[in-house]
Amino acid sequence: MNIFVCIKQVPDTTEVKFDPETGTLIRKGVPTIINPDDKAGLEAALQIKDQCGGTVTAICMGPLQADVALREAMAMGADEAYLISDRSFGGADTYATSWTIAAAIKKIGNYDLIITGRQAIDGDTAQVGPQIAEHLGLVNISYAEDIQLEEESIIVKRQYEDRYHLIKAKLPCLVTALSELNAPRYMTPGGILAAYEKEIQILTKADLALPDEEIGLKGSKTRVFKSYDKEAKGAGKVVDLDVQESVDWLIDKLEAKYII
């Protein structure tokens, strides 16, 4: 069983602040972590490897500094790591990002299962995983809270509002994992030493043979018009009326705002 796990290095959002003037996150001095959903996906892959054998390959798209996240993945037990990094990939939206990652997966090849996180805590779109599956022509099962293998198929318990689905699909396929899927293992001292002795393979634009109009900002189908912090709500208004007067007063306010 050869499993590819897509991970992302993200700022620890518990320590991120917002710049109201520029409308951007203040990332300077903020520690980075492996995205929680992605880390759960990595743990799921490692558990499958423990049970069935095979290899786990960690893949990350980002700046060269993202090799720290890949080293952590290898210290946890991943066998190989690929970093997709090139200045021309900068500014990519989810479409251009997923297109680039899919191209890298095609180049690496030889996978039975691809696991990504449901969404990244610095974007919350939940789009990249399903888009990768679409680019690769794979079945996608999202919001996985349990994964089981059965011969050449996978059975996923999928979270769905107030219930869950049990979905069975033939391999290869792509699964997006929830952070609630499991509790990721810790790195071991030996694993850390081994991780820094391994080579991280870097894939650039030249390696993937992608044209400029399909990657980065040029290949993005969307643009962020404005970002802003959530504003505090103003103080409410208290009225001292009887029941019928209160109803009439509330209806008047709703009609004035064209809510009803």
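## A walk from the whole chain to one charged network

The protein chain here has 7 helices and 13 strands, and keep in mind as you look around that this is a predicted model. To get a feel for the dimensions, picture the C-alpha atoms sitting in a box of roughly 75 × 45 × 40 Å, taken along the principal axes. Of the 260 residues in the chain, 39% are buried.

How do the parts of the chain meet? If you take contacts between residues at least 6 apart in sequence, 71% of them join residues at least 24 apart. As for the outside, the accessible surface comes to about 15,500 Å², and carbon and sulfur atoms account for 51% of that.

Now for the charges. There are 28 positive and 40 negative side chains in the protein chain, and the centres of these two sets lie 4 Å apart. Searching the whole structure for salt bridges turns up 10.

A good place to zoom in is helix α1, residues 36–52. This helix has 17 residues and runs 24 Å from its first C-alpha to its last, close to the 24 Å expected at 1.5 Å a residue. Quite a few of its residues are buried, including D37, D38, L42, E43, L46 and I48. Just after α1 you come to G53, which takes a positive phi of about 80 degrees.

Hold on to E43, since it has a charged partner. R185 forms a salt bridge with E43, with the closest N and O atoms 2.8 Å apart. These two come from distant parts of the chain: E43 belongs to α1, while R185 sits in the loop between β12 (173–177) and α5 (189–195), 142 residues apart. Their surroundings are worth a look too. E43 counts as buried because its relative accessibility is 4%, below the 20% cut-off. R185, at 27% relative accessibility, counts as partly exposed.

R185 also has a second partner in α1. Its side chain meets that of D50 in a salt bridge, at 3.1 Å from N to O. R185 lies in the loop between β12 and α5 and D50 in helix α1, so this pair ties together parts that are 135 residues apart in sequence. Is D50 buried or exposed? With a relative accessible area of 55%, D50 is exposed. Put the two pairs together and you get one network, in which salt bridges that share partners join E43, D50 and R185.

For another salt bridge, turn to D162 and R163, whose side chains meet at 3.1 Å, N to O. Here D162 counts as exposed because its relative accessibility is 60%, over the 50% cut-off.

Last stop: helix α4, residues 128–136, where you will find A133. At 1% relative accessibility, A133 counts as buried. What does A133 touch, leaving aside residues up to four places away in sequence? The list is L138, N140 and L174. You can also line A133 up with V175, which is 42 residues apart from it along the chain; the C-alpha atoms of A133 and V175 are separated by 8.8 Å.

Key
Residues numbered from 1 in each chain as written. Predicted model: local features only at pLDDT ≥ 70, side-chain atom pairs only at ≥ 80, totals over all residues. Heavy atoms only, no water. Helix = DSSP H or I, 4+ residues; strand = E, 2+ residues; numbered from the N terminus. Buried < 20%, exposed > 50% of the residue type's maximum accessible area, 1.4 Å probe, protein only. Contact = heavy atoms within 4.5 Å. Areas by Shrake-Rupley, 256 points an atom, 1.4 Å probe, with all protein chains shown as cover. Lys, Arg positive; Asp, Glu negative; His and termini not counted. Charge placed at Lys NZ, Arg CZ, Asp CG, Glu CD. Salt bridge = Lys/Arg side-chain N within 4 Å of Asp/Glu carboxyl O. Expected span 1.5 Å × (residues − 1).
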